[in-house]
Amino acid sequence: MSASTERKNRQAAIQAGTDKKTQAAQAEAEKQAKSKRNWTIGTIAVIVLIALTLILSSDFLYKSTTAVTIDGVKYSPAEVNYRYAEQYYAFTGQYGSYASMFGLNTANGPFALDSQPYTMGDDSISTWRDYFLQAAYNGGMTFGMTQIQALDKYAAENGITLTDEEKADIKNDMDELEELATSNGYTGTKHFLQANYGTGVDVKLATRAAEEATLAYKAYNSYLDALNFSEEELEEYYASLEGSRDLFNYVSYYVAAEKTAVEADAENTDAENADAENADAENADAENTDAETAAEEIVTDEAKAAAHATAESVMAAYEETSGSDYAARVNEALAAAEVDGTASESESVAGSSLNAAYKEWMMDAARHSGDITVVDAESGEGSYVVVFVSRNDNHYKTVNVRHILVNAVAGEDGTYSDEALETAKARAEEILAEWKSGDATEESFAALAEQYSEDGGSNTNGGLYENVAQGQMVEEFNDFLFASGRKSGDTGIVYGSNGNYAGYHVVYYVGEGEQYSDVIAKNALQSEAMTDWMTEITPEAVPAFFEKLAGK
């Protein structure tokens, strides 16, 4: 090989990087580069891991990432957390201890529901967490995020805003929240909110959410109040109900057919119970088993016929009596037919609580007071004696009233002593006397209601209830409102109790309200219109993957 050829090969080797010196240098360079690269990657990984740990242990991701997008607007997991918990507390606040009847265990709060199956009948919802998450988006016990956004947009388009007073009320609520947090041992409102409403929720978020919801309800009510219907439209709608909202008053007595105890078929008994010779210690002896489990009670055809005949004899005896006290006449007929029992007088709404067995007979337009019939129960195990007393088609005036509730204090056993009731009555008399000693106007009564009333449903609006229907209030309150000759400005003190409270109402009769049939029709028509409108304006919620973090 010539020198020139060797030089060319060497130069080619140098250019290719394959000569020994270059290869050694390149190998060393690559080794150093790899070492540097590994150190850099490792350092970055450590830094990222530390940063991620800090981020995950804080509320950064809950505030800065997207859990759901609604009509182009992105909401963070923290915002979803708040609305989710809001729905949970609204639900449990409404149903309280009855929540367990729906399969909801509230022992561990709103963020421990992943493993609790939802059993309310919607196959698209697996767990209670899913239910409240859907409610957070689309509404449940309160407006959901999609509805609030749609209504706030409507408010902006129509110049509806929160007043300074409304904003001040929200701020006061937040101030009270701070006091509540402190009294419950939290170091601040933020910790209280995060413990009860989820990670990422703070005072700023809660305040903004409250303002958005308040504005949404204001917009909703603005649209609702603008819905008006003519008298003809209201009457036409009520007529279309075909009496299903009418109230029926009647007297009834149920004649139950006697049941007969019979032994089960011997072959079936042998199959269901172990043979006496083979029975183990857990199974009763065959003779005892026959006595304890093989007998059942049945209603024979003869017993059904006898019950019907007894009811017929009561009806015949009733027709021999006279007078407008129909309950007394039925009781007299029961005695004459030698039936030991007392008739009951009832009021039922046709479409909801009127017994199906005699509903059609009762709703016959030809029915008159005092008419009587015998109808067999749908179960077939007895017969009803029924007397028609009256039918109320709700074409009467409702009433408007203000009141001040003074609750009696219950004892440790939940009952109300005579002393507690007397104390509440004396306080009610003091309040009424205070009103009479002043201007004694409706306005001054409203002011006292806001100052003294213990009725949370009306003590922020001067104790006012409008369009109160017959039977809507407790009996004593109802009797005062619908007493004959009642006039505007009448006052009084009435006792009230419904199982949840006992106490006294200081009452101010404002005057007549709307016709009740119109109230029923208006409420229904408004509900239909609002449902259609909300469906039209409400956008769809599009959850992001990161929503899974919400509530953790």
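In this predicted model, Ser348 lies in strand E6, which spans residues 344–349. Its relative accessibility is 6%, so Ser348 counts as buried. The cut-off for that class is under 20% relative accessible area. The side chain of Ser348 makes a polar contact of 2.9 Å with the side chain of Tyr250. Tyr250 also appears among the contacts of Ser348 beyond its neighbours within four places in sequence. The others in that set are Asp246, Leu247, Phe248, Ser353 and Leu354.

The largest nonpolar core holds 32 residues. Within this core, Tyr82 and Leu151 touch the most other members. Two or more residues each come from H4, H6 (145–157), H7 (164–183), H8 (189–197), H9 (203–225) and H19 (516–537), all of them helices. Helix H9 contributes the most, with nine residues. Leaving aside neighbours within four places in sequence, Leu151 contacts Phe143, Ala216, Ala219 and Tyr220. Trp533, Met534 and Ile537 complete the contacts of Leu151 on that basis. Another core, of 24 residues, lies apart from the largest one. Its members include Tyr318, Val330, Ala333 and Val389.

A nonpolar patch is found on the surface. Tyr95, Tyr98, Met101 and Met141 form this patch. Together, these four residues have about 440 Å² of accessible area. Tyr95 belongs to helix H4, residues 77–95. Tyr95 has 30% relative accessibility and therefore counts as partly exposed. Helix H4 is also one of the elements that give two or more residues to the largest core.

How values were computed: Residues are numbered from 1 along each chain as its sequence is written. This is a predicted model: local features need pLDDT of at least 70, side-chain atom pairs count only at pLDDT 80 or more; totals for chains, interfaces and linings use all residues. Side-chain values use heavy atoms; hydrogens and water are left out. Patches are made of residues with over 30% relative accessible area and no salt bridge: like charges are joined within 9 Å, nonpolar side chains (Val, Leu, Ile, Met, Phe, Trp, Tyr) within 5 Å. Accessible areas come from the Shrake-Rupley method with a 1.4 Å probe; for residues, only the protein chains shown count as cover. A salt bridge is a side-chain nitrogen of Lys or Arg within 4 Å of a carboxyl oxygen of Asp or Glu. Helices (H or I, at least four residues) and strands (E, at least two) are DSSP runs, numbered from the N terminus. Buried means under 20% relative accessible area, exposed over 50%, partly exposed in between (1.4 Å probe, protein chains only). A polar contact is a pair of N or O atoms within 3.5 Å; within protein, one must be able to donate a hydrogen and the other to accept it, and residues adjacent in sequence count only if both atoms are side-chain atoms. Contact means heavy atoms within 4.5 Å. A nonpolar core is a set of buried Ala, Val, Leu, Ile, Met, Phe, Trp, Tyr and Cys residues joined through side-chain atoms within 4.5 Å.
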